[in-house]
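Colleague: I'd like to learn how to read helix packing and sheets in a model. Can you walk me through it?

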Amino acid sequence: MNGVKPELQKLFDVEYFDIRDASRVEDFVRDRQPEVVYHLAAQALVRPSYNTPVETLAVNVMGTVHLLEAVRRCESVRAVVNVTSDKCYENREWDWGYRENEAMGGHDPYSASKGCAEIVTSAYRKSFLQHQGVGVATARAGNVIGGCDWSQDRLLPDIARSILSDSPVFVRNPDAIRPWQHVLEAIAGYLALSVKLLESPEAYSEGWNFGPVENDAVRVLEIAQLVVGHWKKGLIEVHRDRNAVHEAKYLKLDSSKARNRLGWQSMLTIQQRLEWTTDWYRAWDSDGDWWRQVDRQIRVYQGLIEKCELNHEYSSQAQPASLVKPSVAA
């Protein structure tokens, strides 16, 4: 499977199942007895949601219901981080970033499903989980890039596929602006949030934005040009489809709450994010040891966090990993 580290199952207790199967979800949570749950299972793409709206809503809304229902029946759980999307907001094409108290919404089925997942999470928190002492928060990240991603209709994987096959790089929505960030930056935010939920569940059980600073919200065409420039290969062609389904043109997050209360911040420049992502695709194509590139990037990013912590610039740190193999549902 592309993007899965060799011998992964020797490092983690990995199990695959359909989150739409409520009894299977409950069995998994009951059997593993987790302390912290990170919910990232989703149909994660906007354009396919137009073709599969029922599946998108079933996975993203009812899948969330099934997980939270299983959590409320499991006494071991102390914290839940539900990763939704920046697209959960009712997008008004504003010039400024959306804050956590903005209205939920969604033009397309995917965005609507993420807004619904936020409302479902809030209802379970208020109706059940806060009374059980469980910290429950949602994490809304901007457009995440990085290695191991081969999704269709996603900019960086599409560019990589085009370059690796010596095909033109087609850009369909060149003027769209997104808050591009590396996957490790988002993960650092999720980990920092879970630590705070364990320490003080009532104070941190709410929605949280994790996005780069405003200057890093870059147009799609500029992203493609930077990737091609770093790769030193590829020809960009702009193909505007007048009949294309609706996609937001302008979307940014205001992440000041996460910076001020969690001590989280973006650690990489937009150039570094794109270079790290491009380097992974090149490593995957050239030597087959792409996973070593992932390990190196993780070590470098941990070093950046540790350096900032020493300078009192980054206050949250993930707790040491347990010697017991963690459970992963995929």
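Modeller: Start with the axes: they are lines fitted to C-alpha atoms, for helices over the stretch in contact, and angles run from 0 to 180 degrees between N-to-C directions. Helices (H or I, at least four residues) and strands (E, at least two) are DSSP runs, numbered from the N terminus. This is a predicted model, where local features need pLDDT of at least 70, side-chain atom pairs count only at pLDDT 80 or more, and totals for chains, interfaces and linings use all residues. Residues are numbered from 1 along each chain as its sequence is written, and side-chain values use heavy atoms, with hydrogens and water left out.

Colleague: Fine. At what angle do the axes of H6 and H9 cross?

Modeller: Two packed helices are described by the angle between their axes and the distance between the axes. For helix H6 (residues 155-164) and helix H9 (residues 220-231), the axes cross at roughly 40° and come within 11 Å. Angles under 35 degrees count as roughly parallel, over 145 as roughly antiparallel, 65 to 115 as roughly perpendicular and the rest as oblique. H6 and H9 are therefore oblique to each other.

Colleague: Which residues make the contact between H6 and H9?

Modeller: Contact means heavy atoms within 4.5 Å. H6 brings Leu155, Leu156, Ile159, Ala160, Ile163 and Leu164, while H9 offers Val220, Ile223, Ala224, Val227, Val228 and Trp231. That gives 12 nonpolar residues, no polar and no charged ones. (Ala, Val, Leu, Ile, Met, Phe, Trp, Tyr, Cys and Pro count as nonpolar, Asp, Glu, Lys and Arg as charged, and the others, Gly among them, as polar.)

Colleague: And how many residues of H6 are buried?

Modeller: Buried means under 20% relative accessible area, exposed over 50%, partly exposed in between (1.4 Å probe, protein chains only). In H6, 7 of the 10 residues are buried, so the helix is largely enclosed by the rest of the structure. The buried residues, including Pro157 and Ser162, pack against strand E5 (144-145), strand E6 (169-171), H9 and helix H11 (270-286). Just after H6, Asp166 has a positive phi of about 55°.

Colleague: Now the sheet. What is the order of its strands?

Modeller: Strands of a sheet pair through backbone hydrogen bonds, either parallel or antiparallel. Here, 4 strands form an open sheet in the order E2-E3-E4-E9, with parallel pairing; two strands pair if DSSP finds at least two bridges between them. Strand E2 (36-39) and strand E9 (207-210) are the edge strands, each pairing on one side only. Strand E4 (residues 135-141) is joined to E9 by 4 bridges, and Ala141 stands opposite Phe210 in E9.

Colleague: Which helices pack on that sheet?

Modeller: Helix H4 (residues 53-72) does, touching E2 and strand E3 (79-83), and its direction makes about 175° with that of E2. Helix H7 (residues 183-199) lies across E2, E3, E4 and E9, running at about 150° to E3.

Colleague: What angle does H4 make with H5?

Modeller: H4 and helix H5 (residues 109-127) pack at about 15°, with their axes 9 Å apart. That makes H4 roughly parallel to H5. Their contact holds 11 nonpolar, 5 polar and 3 charged residues. H4 also packs with helix H2 (residues 22-32), at an angle of about 40° and with axes 9 Å apart, which makes H2 oblique to H4. In that contact, Ala22, Val25, Glu26 and Val29 of H2 meet His66, Leu67 and Ala70 of H4.
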